[in-house]
Amino acid sequence: MRMKSKRNKKTILITAIAGAAILTIGYFTVQSVLKNSRSSGRIFLYGEQHSVENILKREAELWSSHYHKDGFRDLFVELPYYTAEYLNIWMKSDDDAILDSLYEDWAGTALYSQVVLDFYRQIKSECPETVFHGTDVGHQYNTTGKRFLEYLASTGQQQSELYRLSQENIRQGEYYYQHSDSVYRENTMVQNFIREFDSLNGADVMGIYGSAHTNTAAQDIVTNSVPCMANQLHKKYGDALHTEDLTSLALNSNPYRIDTIKIGGKEYTASYFGKADLSAVLPDYQCREFWRLENAYDDFKDNAATGNVLPYHNYPMPIETGQIFIIDYTKADGSVVREYHRSDGSTWQGSLTTEEFIVE
């Protein structure tokens, strides 16, 4: 996510289970007793970089473990309410028609990746009783959202809670995209999460969200003006919330290619590490791309800094102190904004961060 200043950043979340006791033999009976000895359900949140194969593989392993060993059934995801409900219908279907339609709706976003399709198919195959809970604002409201309302109407469910919450979710998406209001989105994700979680009457859940939403100590990623989702959830659910950042699994030590970039009349070897989608978090932007300039730190170490910072976890490669980076932000209109960053070993909200500097 693009950082506006040292006052602009993000990240995490998790919760606990419900109370009685009963004795019978068998593993799941023991698990039931343990659950019933607690007052509310637990939340296990995992922060990701979207559509990264290594991260999705680990998330599938974590869900399988929670599902088969701990008896979890409820998986919270960074999707709209109606998208998750569509996935729940697909889980009971004999084909992939619904998933394929959702995938087409995701074109142009970070979800439009074969590894994402493989992830959901793996869950359907290996954890067939999974119930998805979507807590994001209404992305794809003109496609997925509209189609889901039509489906509910065709099956006589216009007076249902499904229909009402889907309409509400569509309105959330309309407002978010009309106003590009990241604070509204963060707070709405929290409200939607609480509604879904509290309706489960003490069940343990797992959640998969971008790492910008899963840091219990962070503010929202864009404005730094409100606590991020996990931060707010931690205030409500306390130690019942458990979080883990999986973004280190996305790091790639080997560049995709080697470019040459000229700055101030001097040519630098530039290692290119790919692009990251931004459209779901910053509607005014499409993506950003990363280069590391080799052996360039001494040339720019004294350049004036701007105060615009980007924590290490936003980068697709490992960061060391004494490096120079170029980041190109492609906006929604196709224009490109270039930033130059330097890793001086400085921190922001307790996280190591790079800082933008001025190039004449």
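**Exercise 1.** In this predicted model, determine which residue forms a salt bridge with Asp259, and state whether each partner is buried or partly exposed.

*Solution.* Step 1: the partner of Asp259 is Arg257, and the closest N and O atoms of the pair are 2.9 Å apart. Step 2: a salt bridge requires a side-chain nitrogen of Lys or Arg within 4 Å of a carboxyl oxygen of Asp or Glu, so a distance of 2.9 Å qualifies. Step 3: Asp259 has a relative accessible area of 18% and is buried, whereas Arg257, at 39%, is partly exposed.

**Exercise 2.** Assign the burial class of each partner in the salt bridge between Glu294 and Arg292.

*Solution.* Step 1: the two side chains meet at 3.0 Å, N to O. Step 2: buried means under 20% relative accessible area. Step 3: Arg292, with 14%, is therefore buried. Step 4: Glu294, with 23%, is partly exposed.

**Exercise 3.** Identify the strands that the salt bridge between Arg338 and Asp328 ties together.

*Solution.* Step 1: the closest N and O atoms of Arg338 and Asp328 are 2.7 Å apart. Step 2: Arg338 belongs to strand E11 (residues 336–343) and Asp328 to strand E10 (residues 323–331), so the bridge links parts that are ten residues apart in sequence. Step 3: Asp328 is buried at 8% relative accessible area, while Arg338 is partly exposed at 36%.

**Exercise 4.** State how many salt bridges the structure holds, and name the residues that shared partners join into one network.

*Solution.* Step 1: the total is 18 salt bridges. Step 2: Glu161, Arg164, Glu168, Arg195 and Glu196 are joined into one network by salt bridges that share partners.

**Exercise 5.** Describe the surroundings of Phe132 and the core to which this residue belongs.

*Solution.* Step 1: the largest nonpolar core has 42 residues, and Phe132 is among those that touch the most other members, together with Trp63, Leu75, Leu87, Tyr120, Ile123 and Met206. Step 2: residues up to four places away in sequence aside, the contacts of Phe132 include Leu75, Leu87, Met91, Tyr120 and Ile123, as well as Glu85 and Asn88. Step 3: a second, separate core of 19 residues includes Phe76, Phe193, Tyr209 and Ala240.

**Exercise 6.** Compare the span of helix H5 with the expected value, and list what covers its buried residues.

*Solution.* Step 1: H5 (residues 114–126) has 13 residues and reaches 18 Å from its first C-alpha to its last, close to the 18 Å expected. Step 2: its buried residues are Val115, Val116, Leu117, Phe119, Tyr120, Ile123 and Lys124. Step 3: their cover includes helices H2, H3 and H4 and strands E2, E3 and E4.

How values were computed. Residues are numbered from 1 along each chain as its sequence is written. This is a predicted model: local features need pLDDT of at least 70, side-chain atom pairs count only at pLDDT 80 or more; totals for chains, interfaces and linings use all residues. Side-chain values use heavy atoms; hydrogens and water are left out. Buried means under 20% relative accessible area, exposed over 50%, partly exposed in between (1.4 Å probe, protein chains only). Helices (H or I, at least four residues) and strands (E, at least two) are DSSP runs, numbered from the N terminus. A nonpolar core is a set of buried Ala, Val, Leu, Ile, Met, Phe, Trp, Tyr and Cys residues joined through side-chain atoms within 4.5 Å. Contact means heavy atoms within 4.5 Å. The expected span of a helix is 1.5 Å times one less than its number of residues.
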